[in-house]
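Look at how the chain is divided, then at what surrounds the ligand. The paragraphs below take these topics in that order.

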Amino acid sequence: MPDIGPYTLPNPVILAPMAGVTDRPFRQLCRQLGAGLVVGEMVSADPSLRHTRKSQLRLDHSGEPEPIAVQIVGGDPEILASSARFNASNGAQIIDINMGCPAKKVCNKAAGSALLKDEALVKDILQAVVEAVDVPVSLKIRTGWSPDHRNAPRIAEMAQAAGIVSLAVHGRTRACGYKNTVEYDTIRTVKQTVDIPVFANGDITSARKAAEVMHYTGADGVLIGRAAQGRPWIFREVAHYLATGEELTAPDLTEIENILTAHMVALYQFYGDFMGVRIARKHVGWYLQEHDQAKAFRKAFNSLESTEQQLEAVASFFRDTVRRKGMAA
Ligand SMILES: Cc1cc2nc3c(=O)[nH]c(=O)nc-3n(C[C@H](O)[C@H](O)[C@H](O)COP(=O)(O)O)c2cc1C
């Protein structure tokens with residue numbers, strides 16, 4: 001199993017950081033359902049933003065299983081170094097640097113994958129952050145900043161030399177946004193270039209796809225992002241398939257209802273009822289998107305304002321779905 005610094009992961013399947021999605025309730029759920037590691041929403045390195053409610057919630061790791069991985073984003077080596085120190089003192093056991101997300105600018109400086117264009121700055125950032133903390137530092141990148149400039153292998157070498165312990169590579173360039181298909185060739189080249197663990201990322205939607213991508217790229221593991229939205233059990237499916245070569249049966253409706261209901265309750269507890277109800281809307285939409293009648297349900301659901309109404313609506317959706325399936329059988 002891959003190591004991230006001193007931590008040996010129980011399996012090589014990681015929840016990718018997603019702002020607005022990988023909050024503490026979702027991370028805990030994904031861990032329970034088999035993720036080998038989870039990464040929180042990116043945290044701005046800017047200290048003046050540290051006291052906002054959004055940052056406070058992102059900095060809350062209480063009750064999370066170890067190792068706690070916190071991703072920081074910014075464009076200034078010293079500010080990122082100080083953010084790494086702050087987060088390590090706040091419980092982060094792995095610091096992940098975001099050079100993978102198409103975030104435009106933070107504090108009027110390039111940040112996220114925009115940094116890949118400035119290799120000298122990348123080097124300064126990596127050195128400054130690694131030197132700043134005793135905890136392991138990982139890096140998330142794209143394959144480059146445009147299809148003509150896929151410099152991920154060079155960045156990877158630089159990262160290894162700076163003491164970065166592992167790399168996650170999303171198989172798109174910055175210029176691609178989320179369009180175009182993912183290409184895994186550059187990830188394969190990165191894996192051949194460095195000795196530190198490399199995790200492949202991008203459009204991994206099933207256990208078989210994860211196995212194929214790992215086989216093709218030689219990567220030590222995968223990061224799964226969007227395919228986990230509304231389907232957090234994907235982690236146990238992928239981990240099981242990688243370990244045994246056999247596919248797990250999909251969860252039945254009762255299990256899905258139980259997972260979703262527990263998720264909603266965790267959101268209410270974490271955010272409070274007002275915000276929790278709003279955040280639950282998008283998750284419920286994701287869980288139910290593959291079911292018949294989901295579209296009509298979603299419209300009505302999004303107008304509900306209380307936790308009780310939301311929980312009752314979900315319970316009734318599942319009762320109706322079970323009844324319809326029973327009649328069709
Ligand atoms: C809603 C959303 C938010 C994201 N936020 C972050 C982030 O905070 N940090 C980061 O490095 N990448 C972020 N990403 C990129 C994902 O980590 C991942 O690289 C990308 O979605 C590709 O993986 P996937 O095809 O499995 O979703 C985000 C992606 C989405 C869809």
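The centres of domain 1 and domain 2, taken over C-alpha atoms, are 30 Å apart. Domain 1 spans 3-244 and domain 2 spans 253-328; such bounds come from an automatic or database domain assignment. In contact (heavy atoms within 4.5 Å) are 16 residues of domain 1 and 14 residues of domain 2.

This is a predicted model, where local features need pLDDT of at least 70, side-chain atom pairs count only at pLDDT 80 or more, and totals for chains, interfaces and linings use all residues. Residues are numbered from 1 along each chain as its sequence is written, and side-chain values use heavy atoms, with hydrogens and water left out.

Now the ligand. Around it are 17 residues, each with a heavy atom within 4 Å. Pro17, Gln71, Asn201, Asp203 and Arg226 come nearest. By class, this shell holds eight nonpolar, six polar and three charged residues; Gly counts as polar, and Asp, Glu, Lys and Arg as charged.

Which polar atoms meet ligand oxygen? A polar backbone atom of Pro17 lies 2.7 Å from a ligand oxygen. For a polar backbone atom of Gly225, the distance is 2.8 Å. Arg226 uses a polar side-chain atom, 2.7 Å from an oxygen of the ligand. The ligand has 610 Å² of accessible area on its own, and the protein covers 90% of that (Shrake-Rupley method, 1.4 Å probe).

Definitions and conventions. A polar contact is a pair of N or O atoms within 3.5 Å; within protein, one must be able to donate a hydrogen and the other to accept it, and residues adjacent in sequence count only if both atoms are side-chain atoms.
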